[in-house]
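Work through the following exercises with the coordinates open, and try each one before reading its solution.

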Amino acid sequence: MAGVLDFLAANPLIALVAILAIGLALGRIRVFGLSLGAAAVLFVALGLSTANPDIQIPPLVFQLGLAMFVYAIGLTAGERFFAEFRTRGWRLTLFMIALLTSLVGLSVALVKGLGLQATTGAGMFAGALTSTPGMAAIVAMVEQTDPAAAGEPVIGYSLAYPGAVLGSILVAAVGAALLKVDHIGDARAEGLIIAPLEWDGLRIGPGITGTVSQLPALAGADVIATRIVHGPHDHTLAAPTDELHEGMVLVINGTHESIAAAQAALGEPVEVSIEGTDLVYKRLTVSNPRIVGRTLAQLNTVDAGFQIARIRRGDSDVVPAADDVLNYSDRVRVVAAPNRMAEVRTYLGDSERSLAAPDLLPFALGLLLGLLLGAIPVPLPGGSVLSLGFGGGPIVAGLVLGALHRTGPVTWTMPYHAVNTVSTLGLALFLAGVGTTAGAGFRDALTDPYSLTYMAAGFAVTLASALLCAVIGMLVLRLRWDEAMGVAAGATTNPAIISYLNGQTGTELATRGYATVYPTAMIGKIIASQILLLLLL
């Protein structure tokens, strides 16, 4: 065994790949329905470097990995973050800032009250909230003043991390049982369980005026018209500018309830057949970079010979609206004349090969912008300097560019599978690299009974975070239990916790809370971790 460890110490590239392979394999093992995922890479790196402290991964590797990870997260969360912020997200953002401030105060009290070491205690705070970028920011600050102590925050992080995952899940599980939470009922009440989409005929009644694009507003229901029926086999595409008039027959798409509401508000149902008509429908995949990042209103698809009846994102179909933005990998149901379907396929792309070979230039440009942003120093009183670093800068850039979708000819977003691959690879590289920096110190910590104190302190911070999210989320912010727990998971920014919640609830309610606060929590914990270290030193 010693010979293998010496070989890995002499060959850092082989050591890196071995750590990734072993860690990712162990991360797939489930215990009581839970798995560590990519986080297992950290513990493999720690274990190997504890056995032989000479096993080291160059810092540049884990710095690049972290930047890739958080930038990819920003790209995927940007649109939802800014959309939610304008409505309900600002309240949750303010709550998250207040929560992190309170947890910093609690951590200062615990570290000083229990006589814990400052740098290790700051790492404990980052581990209690599973903030890998926060821990990285602490390590960077320590390296500037005392490079020999750079591994101490990683030790605190590693000691607190397991309790952070278990503590958040424990609060979610016990609370749901005590409150007898109806997961499906709560999600349905919040409008997150979308009924299957259907289509039916609508004959416009007297006194109805407007255009096809105004149907949702006129009906008070989320529907879209795809066809105008002139006869049993004579259908044409319904253009947004087509004027509504009495007796006009349309084929509309929506849920059963929304179709019924539109028929009651605008006229009456009418039996229509779409078989044997001049129009057909087909599912196609969006892969053309020239249309990605543009709204349906900007594309004006009817002029291109087709209408989009449904957009499939994730595992759900949604009724498209004029301001919906097409993204890479969207599966759209198009209605068009048979002789134009090849043209429509070219227009949308419908190329798996294209999606599998994304343009990396926009990714590199956006990542560069993020790294430059993270390098901007912010002077603080007393001569200290704060910065977003290679963790905070890229996520801010990712959020902004992900919300913009595109700037002129540059498309910032990436195909769904590509961005998730980049995110996972970046996280794994970071965990592998940073885990090897703490080997010698972690070996000493495991033989020191005082390490239990760090674990207990971290567990206390984790429980305080989850319980505050539960109490304030439900009583003050009026959230359902699952969404409050999603906010608690978002405060940790830990994929394992939200994975557990999604598996237990079977709904998207926890995910909504998680996604709303995730960017604020990610950036806030980077800043909070640095402020905590300054308060402790």
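**Exercise 1.** Identify the residue in β8 that is the bridge partner of Arg313, and place the two strands concerned within their sheet.

*Solution.* In this predicted model, the partner of Arg313 in β8 is Ser316. The next step is to look at the strands themselves: β7, residues 306–313, is joined to β8 by three bridges, and the two run antiparallel. Widening the view, one finds an open sheet of four strands in the order β6-β9-β7-β8, with antiparallel pairing. Its edges are formed by β6 (280–285) and β8 (316–318), each of which pairs on one side only, and the twist from one strand to the next averages 30 degrees. Finally, helix α12 (residues 341–348) lies across β6, β7 and β9 (331–336), and runs at about 25 degrees to β6.

**Exercise 2.** Describe how helix α5 packs against helix α21, beginning with the angle and the distance between their axes.

*Solution.* Two packed helices are described by the angle between their axes together with the distance between those axes. For α5 (residues 118–128) and α21 (residues 509–536), the angle is about 155 degrees and the axes are 9 Å apart. Because angles over 145 degrees count as roughly antiparallel, α5 is roughly antiparallel to α21. The crossing of these two helices is right-handed. The residues that meet are Ala118, Thr119, Ala122, Phe125 and Ala126 from α5, and Ala528, Ser529, Leu532, Leu533 and Leu536 from α21. Sorted by class, this contact of α5 with α21 comprises eight nonpolar residues, two polar ones and no charged ones.

**Exercise 3.** Decide whether Ile73 is buried or exposed, and state which residues beyond its sequence neighbours are in contact with it.

*Solution.* Ile73 is located in helix α4, which covers residues 59–113. Its relative accessible area is 16%, and since buried means under 20%, Ile73 is classed as buried. When neighbours within four places in sequence are left aside, Ile73 is in contact with Ile395, Ser423 and Tyr518. As for Ile395, it is separated from Ile73 by 322 residues in sequence, whereas the C-alpha to C-alpha distance is 6.9 Å.

**Exercise 4.** Repeat the analysis for Thr413: where is it found, and is it buried or exposed?

*Solution.* Thr413 is found in the loop that runs between β13 (410–411) and α16 (416–435). With a relative accessibility of 11%, Thr413 counts as buried. Setting aside its neighbours within four places in sequence, the contacts of Thr413 are Val292, Tyr328, Gly402 and His405.

Conventions: Residues are numbered from 1 along each chain as its sequence is written. This is a predicted model: local features need pLDDT of at least 70, side-chain atom pairs count only at pLDDT 80 or more; totals for chains, interfaces and linings use all residues. Side-chain values use heavy atoms; hydrogens and water are left out. Buried means under 20% relative accessible area, exposed over 50%, partly exposed in between (1.4 Å probe, protein chains only). Contact means heavy atoms within 4.5 Å. Axes are lines fitted to C-alpha atoms, for helices over the stretch in contact, and angles run from 0 to 180 degrees between N-to-C directions. Angles under 35 degrees count as roughly parallel, over 145 as roughly antiparallel, 65 to 115 as roughly perpendicular and the rest as oblique. A crossing is left-handed if the near helix is turned anticlockwise from the far one by less than a right angle, and right-handed if clockwise. Ala, Val, Leu, Ile, Met, Phe, Trp, Tyr, Cys and Pro count as nonpolar, Asp, Glu, Lys and Arg as charged, and the others, Gly among them, as polar. Two strands pair if DSSP finds at least two bridges between them.
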